[in-house]
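The following briefing covers selected features of the structure shown below. Points are grouped by topic.

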2 protein chains.
Amino acid sequence: MGRTSGVGLRVGVVGLGLVGGSVARLLHAQGVDVTAHDATAATRAAARAAGLRVVGDLADVCAQEPDVLVLAVPLRAMRSVAAEVGRHVRGATVVTDVGSVKGAVRDAVRSAGLESRYVGAHPMAGTEHSGFEASDPAMLDGARWAVTVDGTTPRGGFVTVLRLVTGPLGGTVHVLTDEVHDESTALVSHVPHVLATELLGVVADAPVRDVALGLAAGSFRDATRVGRTDARRTEAMVTDNAAWVASALRVVVRDLEQLVRALESNAPVGEFFDRPDPVRGPAPVAGSGERLRVDLDDAGDWRTALAGAGARGAVVVDVEDGAVVVA
Amino acid sequence: MGRTSGVGLRVGVVGLGLVGGSVARLLHAQGVDVTAHDATAATRAAARAAGLRVVGDLADVCAQEPDVLVLAVPLRAMRSVAAEVGRHVRGATVVTDVGSVKGAVRDAVRSAGLESRYVGAHPMAGTEHSGFEASDPAMLDGARWAVTVDGTTPRGGFVTVLRLVTGPLGGTVHVLTDEVHDESTALVSHVPHVLATELLGVVADAPVRDVALGLAAGSFRDATRVGRTDARRTEAMVTDNAAWVASALRVVVRDLEQLVRALESNAPVGEFFDRPDPVRGPAPVAGSGERLRVDLDDAGDWRTALAGAGARGAVVVDVEDGAVVVA
């Protein structure tokens, strides 16, 4: 989908860290009317200096009745911020977020009484750095986004968020359930963060640490890059997605134990290195091949239809008022 | 150390894959007289087309009595190639290699009767690609090299290899024992390769595979890059260094098991993410701070002195005829 203009759209962004800052700056650059807030005064000042309109109070963002309010605070703050939004939000504002664990955010939103306004979202983009100073609209260039739905997702809000993400934010969207999102990101993001952290820890504790670091080249640098992420951010991501992360790590532990036993007993290890291999090639192109037009029916079957296609790899290719096309 | 010219030096390179091809092309570009050989006719043709002098027989490389003969064949071929070199090498030729596991190569060299000519070497540089077509002299730009010694390492050969690596090859050298090298590379190269392979395997087997790959972004791409290395090359590296790799993986398995148990029981996991953290910062600058001039004495104490400094992170900063300075 080509990127459409954001002129006329009004968006509030709460939290101006790496992701929230990048979202706010990209939307502003695309002509969206953005009102932003961050709990930290220094961050508000930096965001103002970068040309954003920033207010000092979360209630003031809500009072503007933006079309969409984006919660971009850390996972560990999501519950309290959602509660505060619940007290102040009004009008037709749709609430979305950019959190990396969708089940946990939905729980927070539900507790805050925001469910009927809520559509989950998560851009698969980031770096090991944190804070507004690390934010960069280019970080979101061509990003894959998950937009998550459940049985309560509002139809109008869903269309608004899809248009925001595929339009001014320039994203490619998989519509997913929270569960499929959280299982998938456990595999391709949270477990990689854990393994990178573990690699750094093993080297830090090794007697040969200094020379090992001296010899470290590309394989170690790449394998540990996300291990340099703020430890609290990684911890929050992993604990908020504990069940899926633990389940994936159980498989890792089992496989590594088998490999260790084979190495220690001189047994063949070829099987470990020769596993089913559809993922060694280049990254798959967007979409699943099937093209499906889903009417946003009153009964709400569109939610399961779209999430089913999303789980098979389909992405959104067109958003109409009454239908969404995936392929 | 500034790069010194290789003019006047004669080097044979056996094996023209990713590393051997890069070494041969860099040496040729630096004015070294290079004679190369590869077992595959197509590779020989490609190397000739790239301007290298290539001979069709390993014996012909040996017959030229190069100052240094570099064994750059895959680990799994090292034993048979070393044996063949043992039958043909003559004159004062020094034998070195670029293999990623030094203990295993030394065993092969010892079996071939080449020990008195042998000085081990290993550039910490590479990519997930293979073959001469992937070779690139720039891959070795600024690379850290290990040069390995034991009680039999010849003094003259050692100086020759140090001059080759720090001169025309432009490397920075840690002098190490095989054991310290192999333990270090298990940590910063072989275990990262195993974990990258495992991550690809876990995702390949997952029910959400397609959407997970659709959502995969930088953290997964970086974490799995070296998992896309030729499976046989990774397997050879891991099995040839089985003891050190297994020992490091045991630690990984133990730590991940603890994490899984904590995640499954809602116990605190902060400790996992807060481990001693000297490695999260920028890569250390070369060297250990101490400056040490080691005379290449007849008694051979220089070997332990240099390997001891190397294990503490020191690198070679000057090579004289009768001494080596590390810092």
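**Briefing on the predicted model**

In chain A, strand 10 and strand 11 are joined by a hairpin through three residues. The model is a predicted one. The points below treat the strand pairing, a buried threonine and the relation between the chains.

**Strand 11 of chain A**

- Strand 11 of chain A spans residues 323-326 and is covered on both faces.
- On one side A:Ala323 and A:Val325 are buried, and on the other side A:Val324 and A:Val326 are buried as well.
- Strand 10 (residues 316-319) of chain A runs antiparallel to strand 11 of chain A, with three bridges between them.
- Within this pairing, A:Asp318 has A:Val325 as its bridge partner.
- Strand 9 (residues 292-295) of chain A is also antiparallel to strand 11 of chain A and is joined to it by four bridges.
- Opposite A:Ala323 of strand 11 stands A:Asp295.

**B:Thr148**

- B:Thr148 belongs to strand 7 (residues 144-148) of chain B.
- With a relative accessible area of 0%, B:Thr148 is buried.
- Beyond its neighbours within four places in sequence, B:Thr148 is in contact with residues including B:Lys102, B:Arg106, B:Val119, B:Leu176 and B:His181.
- B:Asp178 is among the contacts of B:Thr148, and the two side chains make a polar contact at 3.2 Å.
- B:Leu52 lies 96 residues from B:Thr148 in sequence and 28 Å from it in space, C-alpha to C-alpha.

**Relation of the two chains**

- A turn of 180° with a shift of 0.0 Å along the axis lays chain A on chain B with an RMSD of 0.0 Å.
- This is the relation of a two-fold axis.
- Of the interface residues of chain A, 100% are also interface residues in chain B, so the copies meet through the same surface.

Terms used: Residues are numbered from 1 along each chain as its sequence is written. Chains are lettered from A and ligands numbered from 1 in the order in which they are written. This is a predicted model: local features need pLDDT of at least 70, side-chain atom pairs count only at pLDDT 80 or more; totals for chains, interfaces and linings use all residues. Side-chain values use heavy atoms; hydrogens and water are left out. Helices (H or I, at least four residues) and strands (E, at least two) are DSSP runs, numbered from the N terminus. Buried means under 20% relative accessible area, exposed over 50%, partly exposed in between (1.4 Å probe, protein chains only). Contact means heavy atoms within 4.5 Å. A polar contact is a pair of N or O atoms within 3.5 Å; within protein, one must be able to donate a hydrogen and the other to accept it, and residues adjacent in sequence count only if both atoms are side-chain atoms. Copies are superposed by least squares on the C-alpha atoms of residues with pLDDT of at least 70 in both. Two strands pair if DSSP finds at least two bridges between them.
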